[in-house]
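User: I would like to go through the ligand site of this model, then its backbone oddities. Please keep the answers brief.

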Amino acid sequence: MEGINFNQIGVSFKGSGSYVPKQILTNHKISDKVDTSDEWIKSRTGISQRRIAGLEENVTQMGYKAAMSAIQMAKWDVETIDLIVLATSTPNDLFGSAPAIQAKLCANNAVAFDLTAACSGFLFALITASQFLKGGSYKRAIVIGADQMSSYVDWNDRRSCILFGDGAGAIAIEATNEFDNLIGFNMRTDGQRGSFLNLPSKNKKDSIIDKIEYSSGGFSPVQMNGQEVYKFAVREVPLIIKDLFKKVNYNSDKVDWLLLHQANQRILDSVGDKLKFSKEKILSNLQNYGNTSAGTIPLMIDEAIRNNTIKQNDIIATSGFGAGLSWGAALIQWG
Ligand code: COA
């Protein structure tokens, strides 16, 4: 970084990348473990299979692979990257995994840090990184969403374990002085409803010496009230997108793609209906990956870019939502 560039007014989208683990866990295989069926999972969620990180795979490795392919698409020299933001709730290191990704990338001039906002994490990280670019402090940023939910799911709880999978995606964004392809955004949180979905710390009471007690660290598996989370998503997501459209004077007709956090096909369909998006405009790949938390949005973007579904200059309305509770929306133009 060499001082602030006040001419930088916006961001452009330069590249995308993704990585999913090799192991595939189908609905059929899950039904060997818990009392469920392929038919039940497919009809209630749209999910057929998910990827599970093997012993050699983790958030740092998946995030690195996704970031590297975004950098290659952008045709950037790694030395020119100023900022790396990793959205994750499942880092390899609670002190942060982004610097480990920076090291693997050899992005020696970048500052790297983690950001935690569960399934809204990628969207919040994209908006955060964009502010550094628009403010003129940095020129090039990599935004990564990566999660390894398989490590924190209770594989005996059929109400939640069927939903999640592991994966990562990344995008490369650059500051511009001509236009802003992050057309607008909205972010919300409501800690009052936080108990609907969490991955809480599980502390064990112990003492260091007499009369000095402490809690040793650890985590309980994911706890979820599925029905409440469902109601939250189908109510709040359309509202926040409508509000964003109003702010930037847009409507569904002007948008090419609706790209929601991939949680449940029924949520995607319901939000799409409420916003009057035709089915063909709603991007979905959760059939293959389930809910990869912060990974879903960039994973979906990358897939759609690489198979030429999303094209240069397409307008995308995107929304992340989940634990916190947290939710947000952004309107972007690819390119
Ligand atoms: N297989 C078979 N039966 C199951 C099951 C499973 N995997 N999970 C729950 N059931 C049963 C329940 O025990 C219940 O049985 P009962 O009526 O005998 O008590 C019945 O199916 C209905 O349960 P319910 O919780 O009402 O199902 P649902 O239609 O709400 O679907 C979810 C459950 C989890 C799929 C749905 O609530 C959901 O997707 N919520 C949003 C979760 C989410 O997106 N979380 C992440 C947000 S980022």
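Analyst: A definition comes before the site. Ala, Val, Leu, Ile, Met, Phe, Trp, Tyr, Cys and Pro count as nonpolar, Asp, Glu, Lys and Arg as charged, and the others, Gly among them, as polar. Note also that this is a predicted model.

User: How do the residues of the shell around the ligand divide into nonpolar, polar and charged?

Analyst: There are 24 residues around the ligand. Among those that come nearest are Thr36, Arg44 and Asn264. By class, the shell divides into eleven nonpolar, eight polar and five charged residues.

User: Which element gives the most to the shell around the ligand?

Analyst: Both domain 1 (10-180) and domain 2 (183-192 + 222-333) supply at least three residues each. Elements giving two or more include helix H2 (38-45), helix H8 (265-274) and strand E14 (315-322). Helix H7 (226-248) is also on that list. With four residues, the top contributor is H7.

User: Which residue has a side-chain N or O atom 2.7 Å from an oxygen atom of the ligand?

Analyst: Two other contacts go to nitrogen atoms of the ligand. A polar side-chain atom of threonine 36 is 2.6 Å from one nitrogen atom. For glycine 226, a backbone N or O atom lies 2.9 Å from a ligand nitrogen. The oxygen contact at 2.7 Å belongs to the side chain of asparagine 264.

User: How much of the ligand's exposed area does the protein bury?

Analyst: The ligand takes up the space of the largest pocket. Taken alone, the ligand exposes 960 Å². Of that area, the protein buries 75%.

User: Which peptide bond is cis, with omega near -10 degrees?

Analyst: Most peptide bonds are trans. Leucine 325 sits in the loop between E14 and strand E15 (326-333). The cis bond runs from glycine 324 to leucine 325.

User: What is the phi of lysine 211?

Analyst: Most residues other than glycine have a negative phi. Lysine 211 lies in the loop between strand E10 (204-209) and strand E11 (212-216). Though not a glycine, lysine 211 has a positive phi of about 70 degrees.

Conventions:
Residues are numbered from 1 along each chain as its sequence is written. This is a predicted model: local features need pLDDT of at least 70, side-chain atom pairs count only at pLDDT 80 or more; totals for chains, interfaces and linings use all residues. Side-chain values use heavy atoms; hydrogens and water are left out. A residue is near a molecule or strand if one of its heavy atoms lies within 4 Å of it. A polar contact is a pair of N or O atoms within 3.5 Å; within protein, one must be able to donate a hydrogen and the other to accept it, and residues adjacent in sequence count only if both atoms are side-chain atoms. Accessible areas come from the Shrake-Rupley method with a 1.4 Å probe; for residues, only the protein chains shown count as cover. On a 1 Å grid over the protein atoms alone, a cavity is a set of points where a 1.4 Å probe fits but cannot get out, and a pocket is an open set with protein on both sides within 12 Å along at least five of seven lines; lining residues have an atom within 4 Å of a point. A molecule sits in a cavity or pocket if more than half of its atoms lie within 2 Å of its grid points. Domain bounds come from an automatic or database domain assignment.
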